[in-house]
Amino acid sequence: MDGNRSFSSDFTLVGLFPNTRVSGLLFAVVSIIFFVAMTANGVMIFLIHVDPQLHTPMYFLLSHLSLIDMLYISTTVPKTLVDYLRGQRTISFVACTAQYFLYMGFVGAEFFLPGLMAYDRYVAICSPLRYPVLMSRRICWLILGSSWSGGALDSFLLTPITMRLPFCASHKINHFFCEAPTMLRLACGDKAAYETVMYVCCVMMLLVPFSVVVASYAQILLTVQQMRSAEGKRKAFATCSSHMMVVTLFYGAALYTYMLPQAYHTPLKDKVFSAFYTILTPLLNPLIYSLRNRDVMGALRRVRARRRGACAAVKGGQGQFCRMGLSIPSIRGLSSWGHAHQGGDTRVPKNTDVLFLCSTDSSSSLIAAHAENLILYTLHIFDGFITTLFKLSI
């Protein structure tokens, strides 16, 4: 009876924001982080997709890292923000199970991917002549498939085991989402199967990838140490240090959450450490891995130049793209325009509209320019913040 009752009862999420004077400030900070994380990762995916110079194995993997970041931050943070605004913090058993399933799948894929990406960096620096062979398109898809398969396996294994337990204790979840250790504290059945599966998953998904990352970057640093260029050494050490900082933050918080015995956990610590790897990591990944990269910033400048060139061509009534410009065709004209452009025909199709970014209306162009500058300015602020933290840490 109790077990059946647990399946139909709602849970109450305490949430991330305490009922104090600082709750409004915390809500604003988390909202900004969520917005910037979604924007930065979206910009990364867009740039890697449209710029041919970023069509490399490293950026292919980074684009999927950004996609995973967007997916798994979206499974927890929007619910937290909406609950705070509505003042209603209940979540049904079905919704909690769905959130648990999706979150474990996405974060599981994220656990695997940095370790596999470290292999890419190791091959690029330590075996550059063999890089085209060791990081072929087939290998890239194999890496990506392994990451998603590992996350799916983790989700399909842990979700039934956890959510089948009878929740005969309080249904008040002292957390901001349905996370495994917190749900386990509410259960009162036999937890041996869960603990065994969780231990095996943590070893495979946390310790092994983290060990691969550490070993790869250690070998990279040994290789860099043999370089003659002092400037090259400095840049390589700075890049590896910033990468390791993010990786350590991500895996360290996850190791605390899933591998530390429950006797060492407190609700406040659980929220803080979960916030590190569920909210901050999706923000830090694009800033550290990509948006501080010259190739990415160069791609952003090229995209802006093409857009401005297209606007100039449209405004001038020339009826064709300028030499370095590309307009943004509407959905109905995208396919025909793409085939014509590849064939050397640079004329704008007659059935193609131009979006407001290339509108002859000066006010629309001005709005687009301000929006773009706002994104760049926000990224610049967070980039400076991360750089300052890195300098203080060393």
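Is aspartate 270 buried or exposed? Aspartate 270 is buried, because its relative accessible area is 3%, and buried here means under 20% relative accessible area, exposed means over 50%, and partly exposed lies in between, using a 1.4 Å probe and protein chains only. I will come back to that residue with its partner.

Some ground rules. This is a predicted model, in which local features need pLDDT of at least 70, side-chain atom pairs count only at pLDDT 80 or more, and totals for chains, interfaces and linings use all residues. Residues are numbered from 1 along each chain as its sequence is written, and side-chain values use heavy atoms, with hydrogens and water left out.

Confidence next. pLDDT is the predictor's confidence in each residue, from 0 to 100. The chain averages 76, and 75% of the residues score at least 70. Over residues 1-8 the pLDDT is below 50, and the model gives this stretch nine contacts beyond near neighbours in sequence. A contact means heavy atoms within 4.5 Å. Residues 317-368 also have pLDDT under 50, with 67 contacts beyond four places in sequence.

Now the chain as a whole. Its secondary structure comes to 14 helices and three strands. These are DSSP runs numbered from the N terminus, helices being H or I with at least four residues and strands being E with at least two. The chain has 394 residues, of which 44% are buried. Among contacts with a separation of 6 or more, 75% are between residues 24 or more positions apart. The exposed area is about 20,200 Å², and carbon and sulfur atoms supply 66% of it. Accessible areas come from the Shrake-Rupley method with a 1.4 Å probe, and for residues only the protein chains shown count as cover.

On to the interior. A nonpolar core is a set of buried Ala, Val, Leu, Ile, Met, Phe, Trp, Tyr and Cys residues joined through side-chain atoms within 4.5 Å. The largest one has 87 residues, and Phe11 and Tyr258 have the most contacts inside it. Helix α5, residues 93-126, gives the largest share of this core, 13 residues. Which residues does tyrosine 258 touch, leaving aside those up to four places away in sequence? Its partners include Tyr103, Met104, Cys202, Leu206 and Tyr277.

Glycine 150 is found in helix α7, residues 137-163. This glycine counts as buried because its relative accessible area is 12%. Not counting residues up to four places away in sequence, glycine 150 touches Phe112 and Met205. Its C-alpha atom is separated by 8.9 Å from that of phenylalanine 111, which is 39 residues away along the chain.

Now the surface. Tyr199, Val200, Met204, Val208 and Val212 make a nonpolar patch of about 460 Å². Patches are made of residues with over 30% relative accessible area and no salt bridge; like charges are joined within 9 Å, and nonpolar side chains (Val, Leu, Ile, Met, Phe, Trp, Tyr) within 5 Å. Methionine 204 sits in helix α9, residues 192-225, and is partly exposed because its relative accessibility is 47%.

Another methionine, 245, lies in helix α10, residues 230-259. Methionine 245 is partly exposed, with a relative accessible area of 28%. From C-alpha to C-alpha, methionine 245 and isoleucine 288 are 9.4 Å apart, with their positions 43 residues apart in sequence.

Last, the charged pairs. Side chains of opposite charge can pair when their charged atoms come close. A salt bridge is a side-chain nitrogen of Lys or Arg within 4 Å of a carboxyl oxygen of Asp or Glu. How many salt bridges are there by this rule? The count is four, and I will show three of the pairs.

Arginine 185 and aspartate 270 meet at 2.8 Å, N to O. The pair links distant parts of the chain, 85 residues apart: arginine 185 is in helix α8 (180-186) and aspartate 270 in helix α11 (267-291). Arginine 185 is partly exposed at 35%, whereas aspartate 270 is the buried residue from the opening.

Aspartate 51 forms a salt bridge with arginine 302, with the closest N and O atoms 3.0 Å apart. Aspartate 51 is in the loop between α2 (23-50) and α3 (57-74), and arginine 302 is in helix α12 (294-315), 251 residues apart. Aspartate 51 is buried at 1%, and arginine 302 is partly exposed at 27%.

Aspartate 120 and arginine 121 also form a salt bridge, at 3.0 Å from N to O. Aspartate 120 is buried at 1%, while arginine 121 is partly exposed at 21%.
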